[in-house]
Amino acid sequence: MAHGTASSMARAERFTRSIPAMIEADTPTFSFEFFPPKDDASEAQLWDAIRRLEKLSPSFVSITYGAGGGTRDRTVRLTQRVLEETSLTPMAHLTCVGHSVAELRSIVGSYAAGGVRNILALRGDPQGGLGQPWVAHPEGLDHADELVALVRGLGDFTVGVAAFPDGHPESRDTREDAETLIRKERAGAEFAITQMVFDVDHYLRLRDELARRGSRLPVVPAIMPITNARQVARMAQLAGQPMPTSVTDRLERHEDDAVGVRAEGMAIATESSRRLLDEGAPGIHFITMNRSSATLEVFGNL
């Protein structure tokens, strides 16, 4: 009984851990992002990574949400499992893609029932993928600020949003990206997490533009350590932007040397993270690809 009470108290404490409060603290946050596995083998790999990274006592972890809600059930289940079975504070992802408002309300209700109180609210990519026109669900929402307002209106949630240092594929320039973030902030967003940062100057440019406009929204940069050459094209596709030559030139020096590519990728991630923290970034959000070794290495370097 005593053990159960202690466990319940620890779980209740994690219910109330506020990610915005962590980000506003004097010390930088370190957080990790995972994606829902597609099969049992991948799920075993994910939990191995979670258990290894748990030892670092990260500020929080997040579980992504597949395009079109394809991984919705896994995302909800895994986020709740992280809360139930680990010492970690989870942040749930939620997108507008393919969902009516009623469905979104139901998903938020599922998170609430499981004790999850931190949500990253995203419009999401078009269902046909980047480059395709965005089409909202006929009974759904059209913009992330609308989703932020919906979630905030459904209970005691803290809500984060996405930021795009290299520019959102549908925006014209940094000013438009900043305006979009400020709309999300006015709707109730309390923090933002970026797409993968490969050019620190782009992150600083967006952050400074927000500050110039009077925004107080903290923006946490995301870092994804490159471990193999195949990731380069894939990451550029995910970001909707070509990778900077400052990165590709360094990787191409190693060509078919897999060990060299990995070492260079770790060096790039470490250098970028250090500079971001030196420039006052509130933390680093590591995109893990459900593997722990690269993230552990970069974290150790810091």
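What share of the 302 residues in the protein chain do buried residues make up? In this predicted model, buried residues make up 49% of the chain.

**Figure 1. Overview of the predicted chain.** The protein chain holds twelve helices and eight strands. Of the contacts between residues at least 6 apart in sequence, 80% join residues at least 24 apart. The 302 residues of the chain are 49% buried.

**Figure 2. The largest nonpolar core, with Phe34, Leu94 and Leu147.** This core has 57 residues, and Phe34, Leu94 and Leu147 are the ones that touch the most other members. Leaving aside residues up to four places away in sequence, Leu147 touches Leu94, Thr95, Cys96, Leu104, Ala121, Leu122 and Leu141. A second core, separate from the largest, has 23 residues, among them Ile23, Phe198, Val220 and Ile226. In soluble globular proteins, nonpolar side chains tend to be buried together.

**Figure 3. Strand E4 and the burial of its two faces.** E4 covers residues 118-122, and five of its five residues are buried, so the strand is largely enclosed by the rest of the structure. One side carries Asn118, Leu120 and Leu122, while the other carries Ile119 and Ala121; all of these are buried, and both faces are covered. Two of the E4 residues, Ala121 and Leu122, are among those touched by Leu147.

**Figure 4. Pairing of E4 with strands E3 and E5.** E3 (residues 90-95) pairs with E4 in the parallel sense, over four bridges. Thr95 has Leu122 of E4 as its bridge partner. Between E3 and E4 the chain passes through helix H5 (residues 101-113), in a right-handed β-α-β crossover. Strand E5 (residues 158-163) also pairs with E4 in the parallel sense, over three bridges. Here the bridge partner of Ile119 is Val159 in E5.

**Figure 5. The largest cavity and its lining residues.** Rolling a probe the size of a water molecule over the atoms shows where empty space is left. Three cavities of 30 Å³ or more are found in a search of the whole structure, and the largest cavity contains about 70 Å³ of space. Its lining consists of Val197, Phe198, Ile223, Met224, Pro225, Ile226, Gly265, Ile268, Ala269 and Ser272. Helix H11 (residues 258-278) supplies the largest share of this lining, four residues. Phe198 and Ile226 line the largest cavity and also belong to the second core of 23 residues.

Note on methods
Residues are numbered from 1 along each chain as its sequence is written. Side-chain values use heavy atoms; hydrogens and water are left out. A nonpolar core is a set of buried Ala, Val, Leu, Ile, Met, Phe, Trp, Tyr and Cys residues joined through side-chain atoms within 4.5 Å. Buried means under 20% relative accessible area, exposed over 50%, partly exposed in between (1.4 Å probe, protein chains only). Contact means heavy atoms within 4.5 Å. Two strands pair if DSSP finds at least two bridges between them. A crossover is right-handed if, with the strands pointing away from the viewer, the path from the first strand over the helix to the second runs clockwise. On a 1 Å grid over the protein atoms alone, a cavity is a set of points where a 1.4 Å probe fits but cannot get out, and a pocket is an open set with protein on both sides within 12 Å along at least five of seven lines; lining residues have an atom within 4 Å of a point. Grid points are joined across faces, edges and corners, and a volume is the space filled by probe spheres set on the points.
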